[in-house]
Amino acid sequence: MSDPHTPQSKDRTLEKALTNKIIDDYFENSESWLRAILRMCIFSLAHFDGQPVFMVECPNQAVAKRLSRKTYPFRGMVYYLTDDFNASDRSLFCYQEDKGETWRCFDTSINAWTDLQKAKSRRHSG
């Protein structure tokens, strides 16, 4: 799995394919507005603090905030993708706040917004 904070110039074909597959399979009966904004995002799995996390990289603050108010459809996504019965239902809805390495994320484990700086160094591939 590639780093979710890959610059836009790098190829994200695999992540986009995963995103579209999840939207088509898991969100097929969801509202059309939700499917439309999810197609602007990129899904990935990450590990933070030793826990698997479903990460949704949003193109901007507006999309991240809208999704952060609609977290129920994302509960259990780590289990859906990994069949891990012990997986948490933690999700992060993130957008890049500036051109640097700061990401602003809504963390469902604390139901609050937090900053992730230099997330690449804190992240471990699964």
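**Cores and cysteines in a predicted protein chain**

Good morning. The largest nonpolar core of this chain has 21 residues, and those with the most contacts inside it are F27, L38, F43, F54, V56, L67 and F74. Several elements build this core: α1 (13-26), α2 (32-38), β2 (51-57), α3, α4 (77-82) and β3 each supply at least two residues. Please keep in mind throughout that we are looking at a predicted model.

Let us take one residue of the core, F43. Which residues is F43 in contact with, once its neighbours within four places in sequence are left aside? They are E15, L18, T19, I22, I23, F27, L38, F54, M55 and V56. Among these partners, F27, L38, F54 and V56 also belong to the core residues that I named at the start.

There is also a second core, separate from the one just described. This second core has nine residues, including V53, M55, L92 and W103.

I now turn to the cysteines. How many disulfides does the model contain? The count comes to one. The disulfide is formed by C94 and C105, whose sulfur atoms lie 2.1 Å apart. The pair links distant parts of the chain, eleven residues apart: C94 is in strand β3 (residues 91-96) and C105 is in strand β4 (residues 102-107). Why do we call this disulfide right-handed? The reason is that the torsion about the S-S bond is about 115°. C94 has a relative accessibility of 0%, so C94 counts as buried. C105 is likewise at 0% relative accessibility and therefore counts as buried.

Two further cysteines deserve attention. C41 is in no disulfide, and the nearest cysteine sulfur to it, that of C58, is 3.9 Å away. A disulfide requires the two sulfur atoms to be within 2.5 Å, so this pair does not qualify. Are these two cysteines buried or exposed? C41 is buried, with a relative accessible area of 0%, and C58 is buried as well, with a relative accessible area of 6%.

Finally, a word on confidence. The mean pLDDT of the protein chain is 81, and 83% of its residues reach 70 or more. Among the elements, helix α3 (residues 61-68) has the highest mean pLDDT, 94, whereas helix α5 (residues 119-122) has the lowest, 42. Over residues 119-126 the pLDDT stays under 50, and for this stretch the model has 21 contacts beyond four places in sequence. Where pLDDT is low, the predicted coordinates should not be read in detail.

Thank you for your attention.

Methods. Residues are numbered from 1 along each chain as its sequence is written. This is a predicted model: local features need pLDDT of at least 70, side-chain atom pairs count only at pLDDT 80 or more; totals for chains, interfaces and linings use all residues. Side-chain values use heavy atoms; hydrogens and water are left out. pLDDT is the predictor's confidence in each residue, from 0 to 100. Helices (H or I, at least four residues) and strands (E, at least two) are DSSP runs, numbered from the N terminus. Contact means heavy atoms within 4.5 Å. Buried means under 20% relative accessible area, exposed over 50%, partly exposed in between (1.4 Å probe, protein chains only). A nonpolar core is a set of buried Ala, Val, Leu, Ile, Met, Phe, Trp, Tyr and Cys residues joined through side-chain atoms within 4.5 Å.
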